[in-house]
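Reader: I should like to learn how a protein model is read, one feature at a time. May we begin with the pairing of strands?

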Amino acid sequence: YVAPSKANLRGLRDKHEKKPKMNMQTNMGSMNTFAQDFHLSDSALPNQDEALDAIPCDVSLDVQCTVRNGTEDCDGLLPHIVDLCSTDDHPTSITMQYIGGNCNQTNHFHCKDYPGLSPSNVSYIVATDSNNDVYFEGNVNIDGSFLMSNNGTMITEDIDISIYSSPDKSELVQTMMLPLCSNSNSSSFHFQEVLGSTKLAAFESAARGSVTFQSVFIVEAAYEYSISGPGVLMFLKSLTSEHGVIDLTELVEGEVLQTEENTIIVKHDVNLDLSTAREYTLASNVGAAPSTANGEICRNSNRFSFTAGIGL
(Lines give C-alpha, C1' and ligand atoms only; values in the text may rest on other atoms or scores of the structure.)
Protein backbone atom coordinates (compact mmCIF):
# COMPACT_ATOMS: atom_id res chain seq x y z
CA TYR A 1 0.00 0.00 0.00
CA VAL A 2 1.25 3.46 -0.97
CA ALA A 3 -0.04 6.44 1.00
CA PRO A 4 -2.26 8.65 -1.22
CA SER A 5 -1.01 11.99 -2.42
CA LYS A 6 -2.97 15.22 -2.25
CA ALA A 7 -4.04 14.53 -5.82
CA ASN A 8 -5.53 11.23 -4.76
CA LEU A 9 -7.42 12.49 -1.70
CA ARG A 10 -9.01 15.92 -1.67
CA GLY A 11 -8.47 17.80 1.56
CA LEU A 12 -5.56 15.68 2.83
CA ARG A 13 -3.49 17.87 5.12
CA ASP A 14 -0.68 17.60 7.57
CA LYS A 15 -2.42 16.98 10.89
CA HIS A 16 0.53 18.36 12.85
CA GLU A 17 -0.13 21.83 11.48
CA LYS A 18 -3.81 21.85 12.37
CA LYS A 19 -5.52 23.44 15.34
CA PRO A 20 -9.01 22.53 16.56
CA LYS A 21 -11.83 25.01 16.18
CA MET A 22 -13.98 25.64 19.21
CA ASN A 23 -17.39 27.28 19.40
CA MET A 24 -18.33 28.06 23.01
CA GLN A 25 -22.06 28.40 22.24
CA THR A 26 -23.70 25.24 23.56
CA ASN A 27 -27.27 24.10 22.95
CA MET A 28 -27.87 21.15 25.26
CA GLY A 29 -31.39 20.73 23.90
CA SER A 30 -29.91 19.42 20.67
CA MET A 31 -27.62 16.90 22.38
CA ASN A 32 -29.76 13.88 21.43
CA THR A 33 -29.97 14.85 17.74
CA PHE A 34 -26.37 15.95 17.47
CA ALA A 35 -25.33 13.02 15.26
CA GLN A 36 -27.70 14.17 12.49
CA ASP A 37 -26.48 17.77 12.43
CA PHE A 38 -23.50 17.25 10.10
CA HIS A 39 -23.78 17.17 6.32
CA LEU A 40 -21.17 16.37 3.70
CA SER A 41 -21.22 17.26 0.03
CA ASP A 42 -20.45 14.61 -2.59
CA SER A 43 -17.62 16.78 -3.84
CA ALA A 44 -15.66 15.83 -0.73
CA LEU A 45 -15.57 12.16 -1.70
CA PRO A 46 -12.40 10.69 -3.22
CA ASN A 47 -12.56 10.15 -6.98
CA GLN A 48 -13.23 6.51 -7.94
CA ASP A 49 -10.81 6.86 -10.83
CA GLU A 50 -7.90 7.69 -8.54
CA ALA A 51 -5.28 4.97 -7.98
CA LEU A 52 -6.24 4.10 -4.40
CA ASP A 53 -6.84 0.68 -2.91
CA ALA A 54 -10.54 0.04 -2.37
CA ILE A 55 -11.30 0.81 1.29
CA PRO A 56 -14.74 0.12 2.82
CA CYS A 57 -16.35 2.56 5.28
CA ASP A 58 -17.09 1.39 8.83
CA VAL A 59 -15.46 3.67 11.42
CA SER A 60 -15.82 3.37 15.20
CA LEU A 61 -15.35 6.05 17.88
CA ASP A 62 -14.38 5.85 21.55
CA VAL A 63 -14.11 8.87 23.88
CA GLN A 64 -12.34 9.14 27.25
CA CYS A 65 -11.13 11.86 29.64
CA THR A 66 -7.85 11.71 31.55
CA VAL A 67 -5.78 14.12 33.61
CA ARG A 68 -3.30 15.83 31.34
CA ASN A 69 0.26 14.45 31.43
CA GLY A 70 -0.98 11.47 33.41
CA THR A 71 -3.24 8.42 33.32
CA GLU A 72 -5.76 9.29 36.05
CA ASP A 73 -9.36 9.02 34.87
CA CYS A 74 -11.55 12.15 35.12
CA ASP A 75 -14.55 10.28 36.51
CA GLY A 76 -14.82 10.79 40.27
CA LEU A 77 -11.92 13.25 40.27
CA LEU A 78 -11.62 15.37 43.44
CA PRO A 79 -9.31 18.27 44.37
CA HIS A 80 -6.57 17.85 46.92
CA ILE A 81 -7.88 19.44 50.14
CA VAL A 82 -5.54 22.22 51.24
CA ASP A 83 -5.40 23.21 54.91
CA LEU A 84 -4.46 26.78 55.77
CA CYS A 85 -2.19 25.65 58.56
CA SER A 86 0.44 22.98 58.34
CA THR A 87 2.59 21.52 61.09
CA ASP A 88 5.74 23.17 59.79
CA ASP A 89 4.46 25.61 57.17
CA HIS A 90 2.28 28.46 58.38
CA PRO A 91 1.18 31.15 55.90
CA THR A 92 2.98 34.46 55.45
CA SER A 93 -0.10 36.15 53.99
CA ILE A 94 -3.80 35.29 53.78
CA THR A 95 -6.40 36.66 51.37
CA MET A 96 -10.05 36.55 52.45
CA GLN A 97 -13.05 37.28 50.25
CA TYR A 98 -15.84 39.36 51.80
CA ILE A 99 -19.09 37.62 50.81
CA GLY A 100 -21.52 39.22 53.31
CA GLY A 101 -24.09 37.30 55.30
CA ASN A 102 -24.32 36.11 58.90
CA CYS A 103 -22.61 33.52 61.06
CA ASN A 104 -25.29 30.92 60.34
CA GLN A 105 -23.68 30.20 56.94
CA THR A 106 -20.66 28.66 58.66
CA ASN A 107 -20.29 25.73 61.04
CA HIS A 108 -17.47 27.38 62.98
CA PHE A 109 -18.02 28.46 66.57
CA HIS A 110 -15.53 31.31 66.10
CA CYS A 111 -18.20 33.71 64.76
CA LYS A 112 -20.64 36.13 66.47
CA ASP A 113 -23.34 38.37 65.00
CA TYR A 114 -24.48 41.53 66.77
CA PRO A 115 -28.31 41.96 66.97
CA GLY A 116 -30.00 44.41 64.63
CA LEU A 117 -27.09 44.70 62.23
CA SER A 118 -25.80 42.72 59.28
CA PRO A 119 -22.84 43.17 56.91
CA SER A 120 -23.61 45.79 54.24
CA ASN A 121 -22.37 46.28 50.68
CA VAL A 122 -19.35 48.15 52.04
CA SER A 123 -17.98 47.39 55.49
CA TYR A 124 -14.96 48.47 57.49
CA ILE A 125 -12.84 45.45 58.39
CA VAL A 126 -10.06 45.19 60.98
CA ALA A 127 -7.86 42.09 61.43
CA THR A 128 -5.49 41.79 64.41
CA ASP A 129 -3.66 39.15 66.43
CA SER A 130 -3.67 38.67 70.21
CA ASN A 131 -1.05 41.43 70.58
CA ASN A 132 -3.28 43.84 68.62
CA ASP A 133 -0.82 43.87 65.74
CA VAL A 134 -2.85 44.99 62.72
CA TYR A 135 -2.83 42.58 59.75
CA PHE A 136 -5.42 44.55 57.77
CA GLU A 137 -7.66 47.59 58.20
CA GLY A 138 -9.86 49.27 55.60
CA ASN A 139 -13.13 49.40 53.62
CA VAL A 140 -14.06 46.27 51.67
CA ASN A 141 -16.89 45.87 49.16
CA ILE A 142 -19.11 42.80 48.91
CA ASP A 143 -17.31 40.20 46.76
CA GLY A 144 -14.10 42.15 47.27
CA SER A 145 -11.07 40.74 49.03
CA PHE A 146 -8.58 41.83 51.68
CA LEU A 147 -5.04 40.63 52.34
CA MET A 148 -3.78 39.99 55.86
CA SER A 149 -0.06 39.88 56.51
CA ASN A 150 2.50 40.36 59.24
CA ASN A 151 5.14 42.23 57.25
CA GLY A 152 6.08 39.05 55.39
CA THR A 153 6.81 36.96 58.47
CA MET A 154 5.10 33.66 59.26
CA ILE A 155 1.64 34.01 60.83
CA THR A 156 1.48 31.65 63.79
CA GLU A 157 -1.38 33.11 65.84
CA ASP A 158 -5.13 33.01 65.34
CA ILE A 159 -6.46 36.19 63.73
CA ASP A 160 -9.39 38.18 65.12
CA ILE A 161 -11.51 39.78 62.40
CA SER A 162 -13.98 42.56 63.26
CA ILE A 163 -16.50 43.98 60.82
CA TYR A 164 -17.89 47.47 61.39
CA SER A 165 -20.58 49.41 59.55
CA SER A 166 -18.28 52.44 59.10
CA PRO A 167 -14.66 53.54 59.57
CA ASP A 168 -15.46 55.27 62.88
CA LYS A 169 -15.98 51.77 64.37
CA SER A 170 -19.09 52.92 66.23
CA GLU A 171 -21.22 49.92 65.18
CA LEU A 172 -19.78 46.44 65.44
CA VAL A 173 -21.56 44.10 63.02
CA GLN A 174 -19.70 40.82 63.34
CA THR A 175 -16.62 39.29 64.92
CA MET A 176 -14.85 36.05 64.07
CA MET A 177 -11.59 34.22 64.70
CA LEU A 178 -9.58 32.63 61.93
CA PRO A 179 -7.91 29.52 63.42
CA LEU A 180 -4.26 28.97 62.58
CA CYS A 181 -3.47 25.89 64.68
CA SER A 182 -1.60 27.96 67.23
CA ASN A 183 -2.99 25.75 69.98
CA SER A 184 -4.79 22.44 70.44
CA ASN A 185 -8.20 24.15 70.56
CA SER A 186 -7.83 25.56 67.05
CA SER A 187 -9.40 23.61 64.21
CA SER A 188 -8.10 23.22 60.69
CA PHE A 189 -9.38 25.67 58.09
CA HIS A 190 -9.62 24.62 54.47
CA PHE A 191 -9.28 26.54 51.25
CA GLN A 192 -12.57 28.19 50.13
CA GLU A 193 -14.12 27.46 53.54
CA VAL A 194 -16.62 30.06 54.81
CA LEU A 195 -16.16 31.85 58.13
CA GLY A 196 -18.99 34.28 58.92
CA SER A 197 -19.19 36.81 56.09
CA THR A 198 -15.74 35.89 54.74
CA LYS A 199 -14.18 33.02 52.80
CA LEU A 200 -10.58 31.85 52.51
CA ALA A 201 -9.59 32.86 48.95
CA ALA A 202 -5.80 32.46 48.80
CA PHE A 203 -2.64 32.32 50.87
CA GLU A 204 1.13 32.15 50.55
CA SER A 205 3.67 30.18 52.53
CA ALA A 206 7.37 29.46 52.28
CA ALA A 207 6.98 25.77 51.43
CA ARG A 208 3.75 25.77 49.41
CA GLY A 209 4.16 29.08 47.60
CA SER A 210 1.03 30.79 46.29
CA VAL A 211 -2.12 28.74 46.85
CA THR A 212 -5.08 30.02 44.83
CA PHE A 213 -8.46 28.84 43.57
CA GLN A 214 -6.82 28.05 40.23
CA SER A 215 -4.08 25.91 41.73
CA VAL A 216 -6.42 23.91 43.97
CA PHE A 217 -9.63 23.44 42.01
CA ILE A 218 -8.76 23.78 38.31
CA VAL A 219 -7.35 20.55 36.86
CA GLU A 220 -5.83 20.28 33.41
CA ALA A 221 -7.38 17.36 31.55
CA ALA A 222 -7.78 16.11 27.98
CA TYR A 223 -10.63 14.60 25.98
CA GLU A 224 -9.24 11.67 24.01
CA TYR A 225 -10.96 10.54 20.80
CA SER A 226 -9.93 7.13 19.43
CA ILE A 227 -11.10 6.40 15.86
CA SER A 228 -10.71 3.01 14.17
CA GLY A 229 -11.19 2.16 10.50
CA PRO A 230 -11.78 1.26 7.85
CA GLY A 231 -12.53 4.52 6.04
CA VAL A 232 -11.20 7.85 4.85
CA LEU A 233 -11.95 10.29 7.68
CA MET A 234 -14.00 13.37 6.85
CA PHE A 235 -14.94 15.08 10.15
CA LEU A 236 -14.91 14.82 13.96
CA LYS A 237 -17.10 17.03 16.15
CA SER A 238 -18.16 16.93 19.78
CA LEU A 239 -20.97 18.76 21.58
CA THR A 240 -20.10 19.14 25.27
CA SER A 241 -22.05 20.32 28.29
CA GLU A 242 -19.21 22.43 29.73
CA HIS A 243 -16.92 23.31 26.81
CA GLY A 244 -19.28 24.06 23.94
CA VAL A 245 -18.86 22.57 20.45
CA ILE A 246 -15.39 21.19 19.80
CA ASP A 247 -14.57 20.83 16.09
CA LEU A 248 -11.57 18.58 15.49
CA THR A 249 -12.15 18.06 11.78
CA GLU A 250 -8.86 19.65 10.73
CA LEU A 251 -6.96 17.09 12.81
CA VAL A 252 -8.50 14.04 11.12
CA GLU A 253 -9.70 15.12 7.65
CA GLY A 254 -8.21 12.92 4.92
CA GLU A 255 -6.64 10.38 7.28
CA VAL A 256 -6.79 6.90 5.71
CA LEU A 257 -7.60 3.96 7.99
CA GLN A 258 -7.41 0.84 5.79
CA THR A 259 -8.65 -1.72 8.32
CA GLU A 260 -10.30 -1.89 11.73
CA GLU A 261 -6.84 -2.42 13.20
CA ASN A 262 -5.79 1.07 12.07
CA THR A 263 -6.50 3.69 14.75
CA ILE A 264 -5.92 7.43 15.09
CA ILE A 265 -6.05 9.18 18.49
CA VAL A 266 -6.87 12.89 18.78
CA LYS A 267 -6.66 14.83 22.06
CA HIS A 268 -8.25 18.13 23.05
CA ASP A 269 -7.07 19.93 26.21
CA VAL A 270 -9.69 21.22 28.68
CA ASN A 271 -9.78 22.55 32.24
CA LEU A 272 -12.09 20.98 34.83
CA ASP A 273 -13.48 23.02 37.75
CA LEU A 274 -13.57 20.74 40.80
CA SER A 275 -14.94 23.33 43.26
CA THR A 276 -18.42 21.77 42.91
CA ALA A 277 -19.68 18.47 41.52
CA ARG A 278 -20.46 18.67 37.80
CA GLU A 279 -21.59 16.13 35.23
CA TYR A 280 -19.68 16.47 31.98
CA THR A 281 -21.37 15.10 28.85
CA LEU A 282 -19.91 14.72 25.37
CA ALA A 283 -21.96 13.75 22.31
CA SER A 284 -19.43 13.09 19.56
CA ASN A 285 -19.79 12.23 15.88
CA VAL A 286 -17.23 11.02 13.33
CA GLY A 287 -17.77 10.68 9.60
CA ALA A 288 -15.81 8.85 6.92
CA ALA A 289 -15.98 7.96 3.25
CA PRO A 290 -14.91 4.88 1.31
CA SER A 291 -12.12 5.21 -1.23
CA THR A 292 -14.54 5.02 -4.15
CA ALA A 293 -17.10 7.64 -5.05
CA ASN A 294 -19.92 5.12 -5.48
CA GLY A 295 -19.77 4.17 -1.78
CA GLU A 296 -21.82 5.78 0.97
CA ILE A 297 -20.57 8.01 3.76
CA CYS A 298 -20.57 6.24 7.12
CA ARG A 299 -20.93 7.83 10.53
CA ASN A 300 -20.54 6.73 14.10
CA SER A 301 -21.50 8.52 17.29
CA ASN A 302 -20.48 8.23 20.92
CA ARG A 303 -22.11 9.60 24.07
CA PHE A 304 -19.71 9.84 27.01
CA SER A 305 -20.27 11.31 30.46
CA PHE A 306 -18.47 11.54 33.80
CA THR A 307 -18.81 13.41 37.09
CA ALA A 308 -16.04 15.27 38.91
CA GLY A 309 -15.74 17.77 41.74
CA ILE A 310 -16.56 18.34 45.42
CA GLY A 311 -19.96 16.98 46.52
CA LEU A 312 -19.91 13.65 44.70
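Author: Certainly. Two strands are said to pair if DSSP finds at least two bridges between them. Please keep in mind that this is a predicted model.

Reader: Which residue of E8 is the bridge partner of Tyr124?

Author: The partner of Tyr124 in E8 is Tyr164. The two strands concerned are E5, residues 122-128, and E8, residues 159-164, which pair in the antiparallel sense over 5 bridges. Tyr124 also stands opposite Asn139 in E6. Between E5 and E6 there are 7 bridges, again in an antiparallel pairing.

Reader: How many residues lie between E5 and E6 in their hairpin?

Author: The hairpin has 5 residues between E5 and E6. In its turn, Asn132 has a positive phi of about 65°.

Reader: In what order do the strands of this sheet lie?

Author: The general idea is to follow the pairings from one edge to the other. Here the order is E4-E9-E8-E5-E6, an open sheet of 5 strands with antiparallel pairing. At the edges are strand E4 (111-113) and strand E6 (134-141), each of which pairs on one side only. On average, neighbouring strands are turned by 15° against each other, with direction ignored. In a regular strand, side chains alternate between the two faces of the sheet.

Reader: Which strands form the sheet that contains E13?

Author: That open sheet consists of 3 strands in the order E2-E13-E17, and its pairing is antiparallel. Its edge strands are E2 (60-67) and E17 (263-273), each pairing on one side only. From one strand to the next, the twist averages 20°. E2 and E13 share 8 bridges in the antiparallel sense; within this pairing, Ser60 has Ser228 of E13 as its bridge partner.

Reader: I should now like to turn to empty space. What does rolling a probe over the atoms show?

Author: A probe the size of a water molecule, rolled over the atoms, shows where empty space is left. In this model, the largest pocket holds about 160 Å³ of space. Its lining includes Val67, Glu72, Leu77, His80, Val82, Ser215, Val216 and Leu274. Helix H1 (213-217) and strand E13 (218-228) are the elements that give two or more residues to this lining.

Reader: How do the residues of that lining divide into nonpolar, polar and charged?

Author: The pocket lining has 9 nonpolar residues, 2 polar ones and 1 charged one.

Reader: How many cavities of 30 Å³ or more does a search of the whole structure find?

Author: The search finds 1 such cavity. The volume of the largest cavity is about 30 Å³, and the residues lining it are His80, Ile81, Val82, His190, Phe191, Val216 and Phe217. This lining divides into 5 nonpolar and 2 polar residues, with no charged residue. His80, Val82 and Val216 line the largest pocket and also the largest cavity.

Reader: Finally, which elements have the lowest and the highest mean pLDDT?

Author: pLDDT expresses the predictor's confidence in each residue. Strand E1 (residues 21-23) has the lowest mean among the elements, 41, and strand E15 (residues 244-247) the highest, 96. The protein chain averages 78, and 75% of its residues score at least 70. Over residues 1-51 pLDDT stays under 50, although the model has 104 contacts beyond four places in sequence for them.

How values were computed. Residues numbered from 1 in each chain as written. Predicted model: local features only at pLDDT ≥ 70, side-chain atom pairs only at ≥ 80, totals over all residues. Heavy atoms only, no water. Helix = DSSP H or I, 4+ residues; strand = E, 2+ residues; numbered from the N terminus. Axes fitted to C-alpha atoms, helices over the stretch in contact; angles between N-to-C directions. 1 Å grid on protein atoms, 1.4 Å probe; cavity = no way out; pocket = protein on both sides within 12 Å on 5 of 7 lines; lining within 4 Å. Points joined across faces, edges and corners; volume = space filled by probe spheres on them. Nonpolar A, V, L, I, M, F, W, Y, C, P; charged D, E, K, R; others polar. pLDDT = per-residue confidence, 0-100. Contact = heavy atoms within 4.5 Å.
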